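Dear colleague,

I am handing over the structure we spoke about, with the sequence alongside. Please open both before reading on, as the notes below go through them region by region.

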Amino acid sequence: MLRTRLTEEYGLEHPFISAGMGFLALPELTAAVCNAGGLGILGASPGPPEYAAALIRQTRTLTQRLFAVDFVVDSSPALGEFTTEAHMDVCIAERVRVAVFHWHLPPRAWSERLRGAGAKVWMQVGSVAAAREAVAAGADAIIAQGSEAGGHSRANTGLISLLPAVVDAIAPVPVIAAGGIADGRGVAAALALGAQAVCVGTRLIASREAYAHAEYKRRVVAASVDDITRTHIFGVEWPDQPMKVIANRVVREWAGRTERTPPSPQPPQFIGRTKMGGQDYPMPKYSSFLPTPDTEGDFEEMCLAAGESAGLVREIKPAADIIREMMASAEHLLRQRLPAMVV
């Protein structure tokens, strides 16, 4: 069994954390990761506070173990503020014990309120400078996300360089590695570079419990490393933000153009329908919303967020099996194979 300072502090069986993927990391996946001995992160953004509260309560019906809740700190003309003071009210009322923030630092008052209520505050970052800033603001742990990661990411540096630099810069604050980790080799490498745990997203899209459309899961399994690309085109709801996605028709059609973002079609074009925060949502062309079982439409026009580790994903499995296999493989590498290389 792999033990680290973070597994001891948070009572985990494995140094495994699931990414708080919006739309996909809902109660079933979050609870499955927790019940398998890891820490599941519930993806609450960009839903309203009452939606977050409902997700937290549903997760508690599925697991008795510790889980975290993820919030994106930003705003957009289409959706307004993604995370608000009311979301913090929900966290405190629902006794959330770990809150994870992404994109921007939360207001200091939010962090102080959460800590005053007994919660830990984590921050996901993509640079050494951002890690230092988060720790200066009191972050209890840092998720260092390399440029290999799927979906929205601010990183320009690969994890193999970013991770040890962040570990050195903010010691002794624990660092969790994210980006490009989909098997035991990635886990072993991250731990060897100083991570206290790994945070896994793309591999878990292809889990039975992820709230992703079956066609989306199929395309993650079918993707190679070369099928993953960085684009800014999916920005109707959150303009001009970089994403790692599976290249489908709409991505390939825009590739090579000098403009980073396409103009909004006039009159508006719609590529399908889905739900957001429990409400029906017509999906405009270049929508950044990910396809879930509630989605119908043209998958060659949709945003299919995935990291480069999709090239390592071979099949859809229960989350517990994914975790068990990754942890066993990493332990084998660290315990048996790597020591044999030292002479």
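A good place to begin is Phe71, whose bridge partner in strand S6 is Phe101; please keep in mind throughout that this is a predicted model. Phe101 belongs to a strand that spans residues 98-102, and strand S3 (residues 67-72) runs parallel to S6 and is joined to it by 4 bridges. From S6 the chain passes through helix H5 (residues 108-116) before it reaches S7, and this β-α-β crossover is right-handed. Strand S7 (residues 120-125) also pairs with S6 in the parallel sense, over 5 bridges, and within that pairing Val98 has Lys120 of S7 as its bridge partner.

How buried is S6 itself? Of the 5 residues in this strand, 5 are buried, so S6 is largely enclosed by the rest of the structure. Its side chains divide between two directions, with Val98, Val100 and His102 pointing one way and Ala99 and Phe101 the other, and all of them are buried.

Turning to the helices, H6 (residues 128-136) and H7 (residues 159-170) have axes that come within 9 Å of each other and cross at roughly 35 degrees, and the crossing is right-handed. On the H6 side the contact is made by Val128, Ala131, Arg132 and Val135, which meet Leu162, Ala165, Val166, Ala169 and Ile170 in H7. The residues of this contact comprise 8 that are nonpolar, none that are polar and 1 that is charged.

Further along the chain there is an open sheet of 3 strands in the order S15-S14-S16, with antiparallel pairing. Its edge strands are S15 (279-284) and S16 (296-297), each of which pairs on one side only. Strand S14 (residues 270-276) and S16 pair in the antiparallel sense over 2 bridges, and the bridge partner of Gly272 in S16 is Gly297.

Finally, there is a residue in a loop that you may wish to look at, namely Ala255, which lies between helix H11 (249-254) and S14. Is Ala255 buried or exposed? Its relative accessibility is 55%, and because the cut-off for exposed is over 50%, Ala255 counts as exposed. Ala255 and Thr229 are 26 residues apart in sequence, while the distance between them in space is 9.6 Å, C-alpha to C-alpha.

With best wishes

Key:
Residues are numbered from 1 along each chain as its sequence is written. This is a predicted model: local features need pLDDT of at least 70, side-chain atom pairs count only at pLDDT 80 or more; totals for chains, interfaces and linings use all residues. Side-chain values use heavy atoms; hydrogens and water are left out. Axes are lines fitted to C-alpha atoms, for helices over the stretch in contact, and angles run from 0 to 180 degrees between N-to-C directions. A crossing is left-handed if the near helix is turned anticlockwise from the far one by less than a right angle, and right-handed if clockwise. Contact means heavy atoms within 4.5 Å. Ala, Val, Leu, Ile, Met, Phe, Trp, Tyr, Cys and Pro count as nonpolar, Asp, Glu, Lys and Arg as charged, and the others, Gly among them, as polar. Two strands pair if DSSP finds at least two bridges between them. Buried means under 20% relative accessible area, exposed over 50%, partly exposed in between (1.4 Å probe, protein chains only). A crossover is right-handed if, with the strands pointing away from the viewer, the path from the first strand over the helix to the second runs clockwise.
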